[in-house]
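Subject: Structure for you to look at

Dear colleague,

Here is the structure I said I would pass on. Please open it next to this message.

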Amino acid sequence: MRALVMRGFGDLAVEEVPDPVPGPGEVVIDVACVQPSVTECMLIAGAPVAMHTVLAARLAEGPTRFGGHEFAGVIRDVGPPGEGHAPPGGGPRPGDRVTAVETAACGRCAACRRDRPDACPRPQVLGFSTPGAFAERVVVPAKTVVTVPDGVSASEAAAVQPLAGAVHGHALAGVRPGETVLVLGAGVMGLLHTQVARRGGAGLVVVTGRSAAKRDLARRAGADLVLDAADDVEAAVRDATDGIGADVVFETAGGAPDAGLAGTSTLDLAARCVRRGGRIVMVAVLPEHAPAPLGLLRERSAALLHPRSGAGGYAPGSGAFEHALRLVRRGDVDVAGLVTHRLGGIDALPKALEITRDKAAHGALGPAQVDLFDWEHQ
Ligand SMILES: [Zn+2]
């Protein structure tokens with residue numbers, strides 16, 4: 001089969017590689033649609049974030065495969081039974097339309113044996129610790145497979161992993177009916193959190209955005225009040241909440257300015273907008289020693305919550321993924337509207353990575369997707 005192979009940072013090519021064979025408890029999936037994540041694009045380009053040192057060490061040893069955890073496809077082959085529990089319904093079968101939870105706890109370490117898979121220090125992460133779906137076929141543990149319901153396209157299913165993350169963030173914040181939710185940022189994560197808040201019974205939903213186009217999307221995503229990020233957001237939030245502040249703030253705007261993100265000042269803004277006793281959920285990924293307004297958070301008794309990356313805290317057998325797919329199937333959440341660029345064929349993968357890494361330069365809203373085949377007419 002063909003797959004994306006990395007020989008150095010930014011040095012990529014689609015090449016012939018050996019066909020994958022499923023081991024015990026594994027399945028092989030024909031990839032129908034895949035989209036890069038922004039973090040993957042930054043890592044592949046050589047940015048010093050998250051897993052950079054791990055990837056650098058692997059590249060020093062030779063060519064490697066990296067990335068590709070947001071995908072959908074059709075099961076091609078099922079390996080012999082493995083350890084662990086089969087998913088409900090007897091497990092995946094050839095021909096099933098599926099996606100997969102990206103993180104699987106090891107199942108053997110002390111934390112896993114004590115029923116704390118979210119504390120597993122060595123989880124298997126698709127595209128990071130094992131070859132991902134930047135390829136014609138991908139191998140995943142059967143226990144991570146999630147069935148895609150009828151009526152959900154491959155494109156939508158490939159985009160559901162970040163939505164599962166938004167579902168997870170919403171659950172972590174424990175948003176109660178009628179509470180005021182402030183979403184900082186109207187990029188993909190901001191718009192997904194806006195839609196989940198709307199469908200999750202939030203009261204007033206306030207969203208900030210830097211561009212008129214994104215503010216318009218925030219309105220269509222169900223925001224009651226949309227603010228220009230350049231204006232006095234704190235004053236507008238106080239005004240809209242009778243001076244109380246937001247019950248819950250989702251901070252999705254911060255991060256590296258060279259990736260089009262807002263730096264570290266948005267955490268400070270979140271602390272100034274949250275009510276006393278409120279919660280801030282850090283969706284944004286900031287540098288290890290980013291400045292934080294700890295005195296203000298203490299004074300307000302505000303909680304600063306950190307969701308697991310992706311939907312990892314819910315893996316495997318992911319309720320968050322299944323719920324996210326249900327939201328899409330019912331039309332409660334629109335993920336298709338966030339996909340502005342779709343490319344055809346596996347050779348388009350390097351181009352998709354380039355578009356996703358610098359979305360603003362390409363006029364893209366979300367990640368660029370690559371369609372490998374049409375599962376409606378296979
Ligand atoms: Zn473990």
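Below is what was found in it, one region at a time. Please keep in mind that this is a predicted model.

The zinc site

The zinc ion is held by four sulfur donors: the SG atoms of C106, C109, C112 and C120, at 2.3 to 2.4 Å. Along the chain these donors follow the pattern C-x2-C-x2-C-x7-C. The arrangement is tetrahedral, because the angles between the 4 donor atoms run from 104 to 116°. For reference, the ideal angle for four tetrahedral donors is 109.5 degrees. Of the cysteines here, C106 and C112 are both buried.

Two residues with positive phi

Most residues other than glycine have a negative phi. D115 is not a glycine, yet its phi is positive, at about 65°. D115 sits in the loop between helix 3 (110–113) and strand 7. With a relative accessibility of 64%, D115 counts as exposed, since the cut-off for that is over 50%. S301 also has a positive phi, near 50°, and is likewise a residue other than glycine. Its place is the loop between helix 10 (294–299) and strand 15.

The parallel sheet

An open sheet is built from 6 strands in the order 12-11-10-13-14-15, with parallel pairing. Strand 12 (225–228) and strand 15 (303–305) are its edges, each pairing on one side only. From one strand to the next, the twist averages 20°. Strand 11 (residues 205–209) is joined to strand 12 by 4 bridges, and G209 stands opposite D228 of strand 12. Helix 9 (residues 265–273) lies across strand 10 (181–184), strand 13 (246–251), strand 14 (274–282) and strand 15. Relative to strand 14, helix 9 runs at about 150°.

Antiparallel pairs

Strand 4 has antiparallel partners in strand 3 (residues 26–35), over 8 bridges, and in strand 5 (residues 97–100), over 2 bridges. In the pairing with strand 3, V28 stands opposite D77 of strand 4. In the pairing with strand 5, G73 of strand 4 faces V98.

The aromatic pair

The count of aromatic pairs comes to 1. The partners are F66 and F128, arranged edge-to-face, with 5.2 Å from centre to centre and 80° between the planes. F66 lies in the loop between helix 2 (52–61) and strand 4 (70–78), and F128 in the loop between strand 7 (124–125) and strand 8 (137–141), so the pair ties together parts that are 62 residues apart in sequence. Is each ring buried or exposed? F66 has a relative accessibility of 4% and therefore counts as buried. F128 is buried as well, with a relative accessible area of 12%. The cut-off for buried is under 20%.

Around S155

S155 is part of helix 4 (residues 154–158). At 7% relative accessibility, S155 is counted as buried. Which residues does S155 touch, leaving aside those up to four places away in sequence? They are C33, V339, R342 and Q369. S155 and V339 are 184 residues apart in sequence, while their C-alpha atoms are 8.5 Å apart in space.

Regards

Terms used
Residues numbered from 1 in each chain as written. Predicted model: local features only at pLDDT ≥ 70, side-chain atom pairs only at ≥ 80, totals over all residues. Heavy atoms only, no water. Buried < 20%, exposed > 50% of the residue type's maximum accessible area, 1.4 Å probe, protein only. Contact = heavy atoms within 4.5 Å. Donors = N, O, S within 2.8 Å, 3.2 Å for Na, K, Ca; no water. Tetrahedral: all angles 85-135°; square planar, octahedral: opposite > 155°, others 65-115°. Pairing = 2+ DSSP bridges. Axes fitted to C-alpha atoms, helices over the stretch in contact; angles between N-to-C directions. Phe/Tyr/Trp six-rings, centres within 6.5 Å; stacked < 30°, edge-to-face > 60°.
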